[in-house]
Amino acid sequence: MALSGDNERMIRRAAREVLAGMTVNLGIGYPTRIVDYLEPGLPVCLHSENGISGQGPALPFERADRNLIDAGGAYVSVLPGTAFFDSATSFALVRGGRLDLTILGALQIGSNGDLANWTIPGKFTPGVGGGMELAQKARRVVVLSTHLDKRGQGKIVSQCSLPLTARACVDRVYTDMAVIDITAEGMLLREIAVGLTVDDVIAATAVPLLINENDLDTF
Amino acid sequence: MIDKSTGIEEAISRIADGAIVMVGGFGVPGTPFMLIDELVRQNQQRLTVIKNDANEPHMGIDHLLRNGQVARLIVSHIGLNPHAIKLMNEGRIEVEFCAQGILAERIRSAGAGLPAFLTDIAMDTQLARGKQTTEFEGRQYLVEKALKADVALVHAHASDPFGNLIYAGSARNFNPLMAMAAGTVIVETENLLPLGGISAGAVHTPGPFVDHVVQLHELTGAYGVVRR
């Protein structure tokens, strides 16, 4: 799928979340694309729910191993240092606090960091997979998502109307418009996309944003 | 050590109508497609199937769904199978969703002889509905019950006749957990090696958990790379 310039910039910015030495789980959709924007050779250990740590790059069908997919169903590869394990071990790693970072998609993000990303009752009911455990137990939880949904509605809301994945779990949100931290005081606007004004972001966000004009970057 | 080699027809005949059946696999890797094909042929009815996912349309346990053999599914995710979602939405099958790692741990618990465990995963969500909660050391937890089956269907890369198993790549997933959690454990293996053919330290599932070993002589196309 081709990316728009705005979405590419969003992914490129979010990729800077991933630091050397981290064990990281990337959710399905835009988060998966982050691997394409990591600094080559960055020593990072990618975890996949179906039982892989140290997952290597995706492979085309011609070179695929039929026994090696990631949790999103893409054929992937091994690296020196890759490990395979069962599903209980995989989630022990998550619940036990060994996952430094997860980057997830979102349907809605509440102003207190609530995350809804697994179901739209009556319309989209696939089941939650490993999402609840990732959102609840990764040491750092960031969301990577377009600012607006397909109907133009803001995904950042004062309170999620959709069923929750986990309560008050999100630390930071990256969108095509802004970078926003969830703090004890509220949602803090940290960065805005090049070409936008603060008012553009405020107009597209249903939640009051805390803004420090002296500490506001662009990306 | 005894020889547990069994023909596929005889092995699957151990499944009764109304049975609870665990099926290994996460997507294609680790799904015991040929054991499932034989279960479709024998047509046991009113099954409860426990599996991570519902495979994809016209693959794996979707054949059981299309053949009307499944009353209830216990899964973490069925998003790759719109047919399963349709049956659920039409009320033709009952589906219980479980957070993926909790599903794994419920299965592991049954295999480890534990009746239940406490967790804060899914607290305050839809998946907590109807579940018992309890206070432990000042905090609230959900009580998650162990999940036991009558029969587990497992796919192995290699087995010896005693049922010492090894799995390939990401085909391990739920297979070793299910191999501990059922009254009767049926394994299909791509390679049947002699006793001693698997190095003791390399065994993923020890033979005492396994009841029947079915050797696959030729894999069907279902095991191949899926070009979506």
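This is a short walk through a predicted two-chain model, beginning with chain B as a whole, moving through its strands and core, and ending with the contact to chain A and a few points on chain A itself.

Let me start with the overall build of chain B, which has 6 helices and 11 strands. Its radius of gyration is 18 Å, close to the 17 Å that the globule rule gives for 228 residues, so chain B is as compact as a globular protein of that length. If you turn the C-alpha trace of chain B onto its principal axes, the spans come out at about 55 × 40 × 35 Å. Of the 228 residues in chain B, 50% are buried, and, among its contacts with a separation of 6 or more, 73% are between residues 24 or more positions apart.

The element I would like you to find next is strand β8 of chain B, residues 149–159, which is mostly covered, with 8 of its 11 residues buried. Which strands does β8(B) pair with, and in what sense? With strand β1 of chain B, residues 20–23, the pairing is parallel and runs over 3 bridges, and here B:M22 stands opposite B:A152. With strand β10 of chain B, residues 182–192, the pairing is again parallel, this time through 9 bridges, and B:V151 has B:T184 as its bridge partner in β10(B). With strand β9 of chain B, residues 165–166, the sense is antiparallel, over 2 bridges, and the partner of B:S159 in β9(B) is B:L165. β8(B) and β9(B) form a hairpin with 5 residues between the strands, and in this hairpin B:G163 takes a positive phi near 95°.

Some of these residues come back when we turn to the core. As a general matter, nonpolar side chains in soluble globular proteins tend to be buried together. In this model the largest nonpolar core has 117 residues, and those with the most contacts inside it are B:M22, B:A152 and B:A181. The largest share of this core comes from β8(B), which gives 6 residues. Two of the three, B:M22 and B:A152, are the pair that we just saw standing opposite each other, and what remains is to place B:A181. Leaving aside neighbours within four places in sequence, B:A181 is in contact with B:M22 and B:A152, and also with B:I107, B:A110, B:G111, B:L147, B:K148 and B:A149.

A separate open sheet in chain B is made of 3 strands in the order β5-β7-β6, with antiparallel pairing. Its edge strands are β5, residues 116–119, and β6, residues 133–136, each of which pairs on one side only, and the twist from one strand to the next averages 40°. Between β5(B) and strand β7 of chain B, residues 139–145, there are 4 bridges, and the two run antiparallel; B:F117, for instance, stands opposite B:E144 in β7(B). Packed on this sheet is α5(B), which touches β5 and β7 of chain B and whose direction makes about 150° with that of β5(B).

We meet α5(B) again at the contact between the chains, where 37 residues of chain B are in contact with 33 residues of chain A. On the chain B side, the elements that give two or more residues are α5, residues 100–111, and α6, residues 175–178, and α5(B) gives the most, with 5 residues. By character, this side of chain B divides into 20 nonpolar, 12 polar and 5 charged residues.

Finally, a few points on chain A. Here an open sheet of 3 strands has the order β7-β6-β9, with mixed pairing. The strands β7, residues 115–116, and β9, residues 156–157, stand at the edges with a single partner strand each, so one side of each is left without a neighbour in the sheet. Strand β6 of chain A, residues 108–110, is joined to β7(A) by 2 bridges in the antiparallel sense, with A:Q108 opposite A:A116.

The last residue I want to show is A:N7, which lies in helix α1 of chain A, residues 5–14. Is A:N7 buried or partly exposed? It has 17 C-beta neighbours inside 10 Å and therefore counts as partly exposed. Its C-alpha atom is separated by 24 Å from that of A:S48, a residue 41 residues apart from A:N7 along the chain.

Key. Residues numbered from 1 in each chain as written. Chains lettered and ligands numbered in written order. Predicted model: local features only at pLDDT ≥ 70, side-chain atom pairs only at ≥ 80, totals over all residues. Contact = placed C-beta atoms within 7 Å. Nonpolar A, V, L, I, M, F, W, Y, C, P; charged D, E, K, R; others polar. Buried ≥ 20, exposed ≤ 12 C-beta atoms within 10 Å, placed from the backbone. Pairing = 2+ DSSP bridges. Axes fitted to C-alpha atoms, helices over the stretch in contact; angles between N-to-C directions. Core = buried A, V, L, I, M, F, W, Y, C linked by C-beta atoms within 7 Å. Rg over C-alpha atoms; globule rule 2.2 N^0.38 Å.
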